[in-house]
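Opening the notebook on a new model today. I want the overall numbers first, then a look at rings, strands and one helix.

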Amino acid sequence: MANIRPFCMPKWGIEMTEGTIAEWMVKEGEAFSKGQVLCLIETAKITNEVEAEYDAVLKRLLTPASDEAHPVGALLAVFADADTSDAEVDEFIAGFKPAETSVAAKGGGSASAPAAATPAAPAQAPAREPKKIVTNRAISPEALKLAEAEGVDIEPIEGSGRNGRITYQDVVQALRPERAVSYKGSAQLVEDTPEAFASPLARRIAAQHGINLSSIKGTGARGRISKADVLALVKPTTAAAPVFGAPFELVANQPSVQPFDKVRKVVAKRLSEAKQTIPHFYLRVSASVDALMDLRKTANLVLGTKASINDYIVKAVALALVRHPDVNVQVHGDSVHSFPHADVAIAVASPKGLVTPIVRQADRMHIAQIAATTRALIDKAQAGKLGYEDMDGGTFSVSNLGMFGIEQFDAIINPPQGAILAVGGANRVAVEADNGGIAFETRIQLTMSVDHRAIDGAAGAQFLQTLKGLLEAPEGLFQ
């Protein structure tokens with residue numbers, strides 16, 4: 001039989017049950033090469049690019065792009081060599097049986113990379129002599145097996161698993177070719193010459209307005225052309241003075257209709273279900289953050305980092321969660337899952353809607369590590385490049401709208417998590433001083449939305465008291 005390979009709906013994470021083909025980048029009958037993007041697959045949380053793991057031809061496209069969801073393991077297309085006949089492809093499709101995609105089916109391997117989920121497993125790939133790897137690094141059995149089979153050097157791989165353990169997905173990523181980066185050129189500016197000796201800003205302004213620098217006499221040092229010299233030649237635009245109170249004619253005020261995209265539909269559905277099915281209750285407290293703001297300035301200078309107030313809040317939340325494990329939970333049906341470490345999700349506005357990437361084991365991180373991790377996650381979110389592994393799980397969420405001037409708000413719980421903290425802006429308020437007089441301090445409003453099925457009011461209140469204490473005495477964040 002010819003070298004025929006199935007391409008099935010992948011499974012990214014335990015919770016994924018189905019996906020949607022958003023777009024095919026390769027047409028039926030078209031050849032593709034390793035590393036080329038084959039299609040875009042949308043799930044309930046993300047849109048992922050699927051890259052080819054080998055050279056082949058898309059011999060049969062069984063599932064075109066549409067809004068219809070297909071279960072994990074469903075046959076989407078058939079890849080084969082160019083000389084494979086249609087009869088062989090038909091015979092392969094008729095005898096195809098979807099592979100088991102559960103964790104047990106892989107014999108303890110990673111659930112995020114099932115055998116039938118990616119095009120990386122040819123049906124009859126040529127046998128390769130495994131290269132024995134002897135190492136003291138923590139690596140999963142499936143990852144080690146793949147590395148030995150593909151001859152991958154695991155030393156430069158940075159493990160993404162717990163305590164730096166190399167996972168199956170880490171080895172798969174190492175097998176993928178690096179993408180070529182295309183840099184855009186800088187603006188073409190007039191170079192310094194004896195006839196045009198100008199400051200960089202003056203040259204940029206001249207380029208924007210089409211001004212010839214050689215005709216300008218500079219007033220700067222040694223006759224250098226300055227910004228003021230160029231601006232003097234820029235013709236100002238005059239606008240007619242507005243006439244206030246003048247009569248006007250009503251025009252059509254037609255709306256611009258923009259249907260929800262698939263990601264926003266999923267977010268709307270999940271939040272609606274969360275609000276309808278989860279019995280929310282709310283706990284509110286305010287905390288003085290003057291000491292935290294002073295410590296942040298000093299710590300950022302000493303550590304050479306740019307940690308934000310929100311980074312310190314994430315650290316404080318993580319420490320409070322491990323001290324109150326009955327709040328550090330997920331709710332799955334009729335059971336509550338408690339965790340020893342705090343995986344704190346941060347709410348981020350992205351071009352695809354609200355996303356919640358996760359700072360994993362934030363309780364074990366130094367504040368500089370939290371700052372670097374959150375900055376990387378925010379950049380990925382704003383670029384639309386978050387992966388499933390960036391958002392899967394989490395034991396608690398932090399949503400901060402203080403930078404937008406919001407003083408206080410109530411957030412909706414992000415299931416299966418048991419609670420979410422809404423952080424308002426910092427405001428100067430008058431308080432009674434120790435001597436009975438009036439003093440001013442900076443305070444923030446904190447509102448915690450709690451799932452009453454799993455967390456009682458007393459447990460939530462004790463958690464908030466611990467969090468308040470950490471924020472008002474921030475030296476404890478470095479212990």
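What percentage of the residues in the chain is buried? I looked that up before anything else: of the 479 residues, 42% are buried. Note to self: this is a predicted model.

**Entry 1, the whole chain.** I counted 11 helices and 18 strands. The exposed area comes to about 26,800 Å², and carbon and sulfur atoms supply 53% of that. I also checked the contacts between residues at least 6 apart in sequence: 61% of them join residues at least 24 apart.

**Entry 2, rings.** My search for aromatic pairs returned seven. I picked Tyr54 and Phe79 for a closer look: their ring centres are 6.4 Å apart and the planes stand at 70°, so I logged the pair as edge-to-face. The cut-off that matters here is an angle over 60 degrees. Where do the two residues sit in the chain? Tyr54 is in the loop between β5 (47-51) and β6 (56-61), while Phe79 belongs to strand β8 (residues 75-80). They are 25 residues apart, so I have this down as a link between distant parts of the chain. Buried or exposed, I wondered about Tyr54 and Phe79? Both are buried.

The pair also has company. Phe7, Trp24, Phe32, Tyr54 and Phe79 form one aromatic cluster. I then looked for a charge at the Tyr54 ring and found Arg5, whose charged end sits over the ring, 4.4 Å from its centre.

**Entry 3, the sheet.** Next I traced the strands around Phe79. Four of them make an open sheet, ordered β1-β8-β6-β3, with antiparallel pairing. Why do β1 and β3 each have a side without a neighbour in the sheet? β1 (4-8) and β3 (31-32) stand at the edges with a single partner strand each, so one side of each is left unpaired in the sheet. I followed β1 to β8 and got five bridges, in the antiparallel sense. Arg5 turns up again here, standing opposite Phe79 in β8. So Arg5 goes into my notes twice, once for the Tyr54 ring and once for its place across from Phe79.

**Entry 4, helix α8.** Last stop was α8 (residues 309-323), with 15 residues. From first C-alpha to last it reaches 21 Å, close to the 21 Å expected at 1.5 Å a residue. How many of its residues are buried? I got 12 of the 15, so α8 is largely enclosed by the rest of the structure. The buried ones include Asp311 and Lys315, listed along with Tyr312, Ile313 and Leu319.

Technical notes:
Residues are numbered from 1 along each chain as its sequence is written. This is a predicted model: local features need pLDDT of at least 70, side-chain atom pairs count only at pLDDT 80 or more; totals for chains, interfaces and linings use all residues. Side-chain values use heavy atoms; hydrogens and water are left out. Rings of Phe, Tyr and Trp (its six-membered ring) pair if their centres lie within 6.5 Å; planes under 30 degrees apart count as stacked, over 60 as edge-to-face and the rest as tilted. Buried means under 20% relative accessible area, exposed over 50%, partly exposed in between (1.4 Å probe, protein chains only). A charge sits over a ring if NZ of Lys or CZ of Arg is within 6 Å of the ring centre and within 35 degrees of the ring normal. Contact means heavy atoms within 4.5 Å. Accessible areas come from the Shrake-Rupley method with a 1.4 Å probe; for residues, only the protein chains shown count as cover. Two strands pair if DSSP finds at least two bridges between them. The expected span of a helix is 1.5 Å times one less than its number of residues.
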